[in-house]
Amino acid sequence: MPDPSSRRRLLQLAFGLAAAGLSSPALAQTRRRAAPLPLVVLDPGHGGKDPGTIGVTGTHEKRITLAAATELKRVLERTGRCRVAMTRSRDAFIPLDGRVEFARKRDAALFVSLHADSAPGARGASVYTLSDRASDSLSAGLAKRENQADLRGGLRLPPVSPEVERILFSLVRQETRAGSDRMASSVVRALGGEVPLLPNTHRQAAFAVLKAPEIPSVLVEMGFLSDRRDEAALKQPAHRAKVARALAQGIHGWLARA
Ligand code: ZN
C-alpha cells in the first residue's frame, strides 16, 4: 500500500491528467456526462424604442425578429441537444454591447443575431460574419445602420506577459473566426433548401453585435422588409416556422462538428 503522502501525490497526478484531458476513457465519459449542454444565445434584433426597419406595409422589424427567435428557441429546445437563451424575450431596448455581454457572461457556445433589415433592391435571406472590411457595399450599409454602439471586447486571460497575451488573443480570435465561418456555411446550406437566398449569401461586415472575441457569432438577415415579397412572407407564422426549422438544422449541424 502506498503511504498517505504518496497516495496524495498520485491523486494529484490523476487530477492533473484528468484536467489536461488525458484521463481514462471511463473518466472522460463521466466528465462528458457531467458537462452541461452547449448554450446557444439567440439575439432578436432591435426592440423597445428602436423598431428596426419599418416594412413597405408598416411591419416593424423588432416584432419579426422576436417572433422568429421565439419559434427558433422552441424548435431547438424540443430536440434537447442544446440550451437556449434569448437576449430579449419582450419588446425591450438592449444596446448592442449589452447583447454581446449577455452571451459572454453565460459562456455561450454560439451567438445568432436575427434581423430583417432594409436593403433597397435586394431580396432573400443572407448570413453575415465579422470582418473589419465589408465584402460589398450592401453589407457595409447594413453594418453601418446596425451599429448604434461599439464594443471593445476585453478577453479575460491568465496573467501573462503582454507579448504572450497578444499571441493568445490572436489565436482565440482566429479560432472564433473559423467557427463563425463554419456556422455561416452550415446555415446557408440549411436555408438554401427552404427560402429564397440573396446571391453571395455569406457576406462580411463590421457588425458591432458580432464582436465577442471568443464566441462564434453570425447575423442572419431572414429577408429584407424593404422588399414587398420578403415582408409578406416574414409576416406569416408558417414562413417563420420554416426559417426556424432551417436555422435549427444549421445550428445542430454546427454543434455536431464543434
Ligand atoms: Zn436589424
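**Exercise 1. Which side chain does Arg-104 meet in a salt bridge?**

First, some ground rules. This is a predicted model, where local features need pLDDT of at least 70, side-chain atom pairs count only at pLDDT 80 or more, and totals for chains, interfaces and linings use all residues. Residues are numbered from 1 along each chain as its sequence is written, and side-chain values use heavy atoms, with hydrogens and water left out.

Step 1. Find the partner: the side chain of Arg-104 meets that of Glu-214, at 3.0 Å from N to O. A salt bridge here is a side-chain nitrogen of Lys or Arg within 4 Å of a carboxyl oxygen of Asp or Glu.

Step 2. Place both ends. Arg-104 sits in helix H4 (residues 96-105) and Glu-214 in the loop between strand S5 (197-205) and strand S6 (217-221), so the pair ties together parts that are 110 residues apart in sequence. Helices (H or I, at least four residues) and strands (E, at least two) are DSSP runs, numbered from the N terminus.

Step 3. Check accessibility. Buried means under 20% relative accessible area, exposed over 50%, and partly exposed in between, with a 1.4 Å probe and protein chains only. Arg-104 has 5% and counts as buried, while Glu-214 has 27% and is partly exposed.

**Exercise 2. Work out what surrounds Arg-173.**

Step 1. Arg-173 belongs to helix H6, and its relative accessibility of 31% makes it partly exposed.

Step 2. Look along the chain: Glu-214 is 41 residues away from Arg-173, yet their C-alpha atoms are separated by 6.4 Å.

Step 3. Leaving out residues up to four places away in sequence, Arg-173 touches Lys-211 and Pro-213. Contact means heavy atoms within 4.5 Å.

**Exercise 3. Go through some other salt bridges.**

Step 1. Get the total: the structure holds ten salt bridges.

Step 2. Take a pair within one helix. Glu-71 and Arg-74 pair up at 3.0 Å, N to O. Both lie in helix H3 (residues 61-79), three residues apart, which is about one turn of the helix. Glu-71 is buried at 19%, whereas Arg-74 is partly exposed at 46%.

Step 3. Now try a network. Arg-229 and Asp-227 meet at 3.1 Å, N to O, and Asp-227 is buried at 10%. Salt bridges link Arg-123, Asp-227, Arg-229 and Asp-230 in a network.

**Exercise 4. Describe how H6 packs against H8.**

Step 1. Pick your descriptors: two packed helices are described by the angle between their axes and the distance between the axes.

Step 2. Apply them. The axes of H6 (residues 162-192) and H8 (residues 237-257) come within 8 Å and cross at roughly 140°. Axes are lines fitted to C-alpha atoms, for helices over the stretch in contact, and angles run from 0 to 180 degrees between N-to-C directions.

Step 3. Classify the angle. Under 35 degrees is roughly parallel, over 145 roughly antiparallel, 65 to 115 roughly perpendicular, and the rest oblique. H6 and H8 are therefore oblique to each other.

Step 4. Name the residues. On the H6 side, they include Met-183, Val-187 and Leu-191, and on the H8 side, Leu-247, Ile-251 and Trp-254 are among them. The residues of this contact divide into nine nonpolar, five polar and three charged. Ala, Val, Leu, Ile, Met, Phe, Trp, Tyr, Cys and Pro count as nonpolar, Asp, Glu, Lys and Arg as charged, and the others, Gly among them, as polar.

**Exercise 5. Zoom out to the whole chain.**

Step 1. Count elements: the protein has eight helices and six strands.

Step 2. Of its 258 residues, 45% count as buried.
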